[in-house]
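Thank you all for making the time this morning. I would like to walk through one model with you, strand by strand, and then turn to the charged pairs.

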Amino acid sequence: MTVQEEAGTGAEALEVWIDQDLCTGDGICVQYAPEVFELDIDGLAYVKSPGDELLQAPGATTPVPLPLLTDVVDSAKECPGDCIHVRRVSDRVEVFGPDAE
């Protein structure tokens, strides 16, 4: 089963965000998907825009590029802080992360 099938998304657009209040600064997400995640000077992880800009606003989201979907999902699954949320853009339902059903 593919990650997309597991999420029930098909080719549906997904976005990811990080809850910095729960972030441990471990950096696993950056190891999995440095194109999507970055550790800032404060030691916490943030998502990056498609243009590689660090998005520091609370709850800021960024699209999950399809080629990196597995890496982003793996980072959510391995995150020690359970702070990475992957959700469908269309209905904002979390498909991977601590609030996924």
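Strands β1 and β6 pair in the antiparallel sense, over five bridges, and within that pairing I18 of β1 stands opposite I84 in β6. Please keep in mind throughout that this is a predicted model. β1 also pairs with strand β5, residues 62–63, again in the antiparallel sense but here over two bridges, and the bridge partner that V16 finds in β5 is T62.

Are the residues of β1 buried or exposed? The strand is mostly covered, with five of its five residues buried. L14, V16 and I18 point one way from β1, whereas E15 and W17 point the other way, and all of them are buried.

That brings me to the nonpolar core. The largest one has 22 residues, and those that touch the most other members are V16, F37, V72, I84 and V86. The elements that contribute two or more residues to this core are β1 (14–18), β3, α3 (69–78), β6 (84–88) and β7 (94–96), and of these α3 gives the most, with four residues. As a general remark, nonpolar side chains in soluble globular proteins tend to be buried together. If you centre your view on F37 and set aside residues up to four places away in sequence, you will find that F37 touches V16, I18, C29, V30, Y46, V47, K48, V72, S75 and I84.

Let me move to the other sheet. It is an open sheet of three strands, in the order β2-β3-β4, with antiparallel pairing. β2 (37–39) and β4 (54–55) stand at its edges and have a single partner strand each, so one side of each is left without a neighbour in the sheet. Strand β3, which covers residues 45–48, is joined to β4 by two bridges, the two strands running antiparallel, and V47 stands opposite L55 of β4.

K48 also lies in β3, and I would ask you to look at this residue with some care. Why does K48 count as buried? Its relative accessible area is 8%, and because buried means under 20%, K48 falls into that class. Leaving aside neighbours within four places in sequence, K48 is in contact with P34, E35, V36, F37, E38, E53, L54, L55 and T62.

Now to the charged pairs. How many salt bridges does the model contain? The count comes to four. The side chains of K48 and D52 meet in one of these, at 2.9 Å from N to O, and D52, at 49% relative accessibility, counts as partly exposed. R88 forms a salt bridge with D91, with the closest N and O atoms 2.9 Å apart; R88 counts as buried at 14% relative accessibility, while D91 counts as partly exposed at 39%. Salt bridges that share partners also join E38, K48 and D52 into one network.

I have kept one pair for the end, since it returns us to the strands we began with. E15 forms a salt bridge with R87, the closest N and O atoms being 2.7 Å apart. This pair links distant parts of the chain, with E15 in strand β1 and R87 in strand β6, 72 residues apart, and both E15 and R87 are buried.

Note on methods: Residues are numbered from 1 along each chain as its sequence is written. This is a predicted model: local features need pLDDT of at least 70, side-chain atom pairs count only at pLDDT 80 or more; totals for chains, interfaces and linings use all residues. Side-chain values use heavy atoms; hydrogens and water are left out. Two strands pair if DSSP finds at least two bridges between them. Buried means under 20% relative accessible area, exposed over 50%, partly exposed in between (1.4 Å probe, protein chains only). Contact means heavy atoms within 4.5 Å. A nonpolar core is a set of buried Ala, Val, Leu, Ile, Met, Phe, Trp, Tyr and Cys residues joined through side-chain atoms within 4.5 Å.
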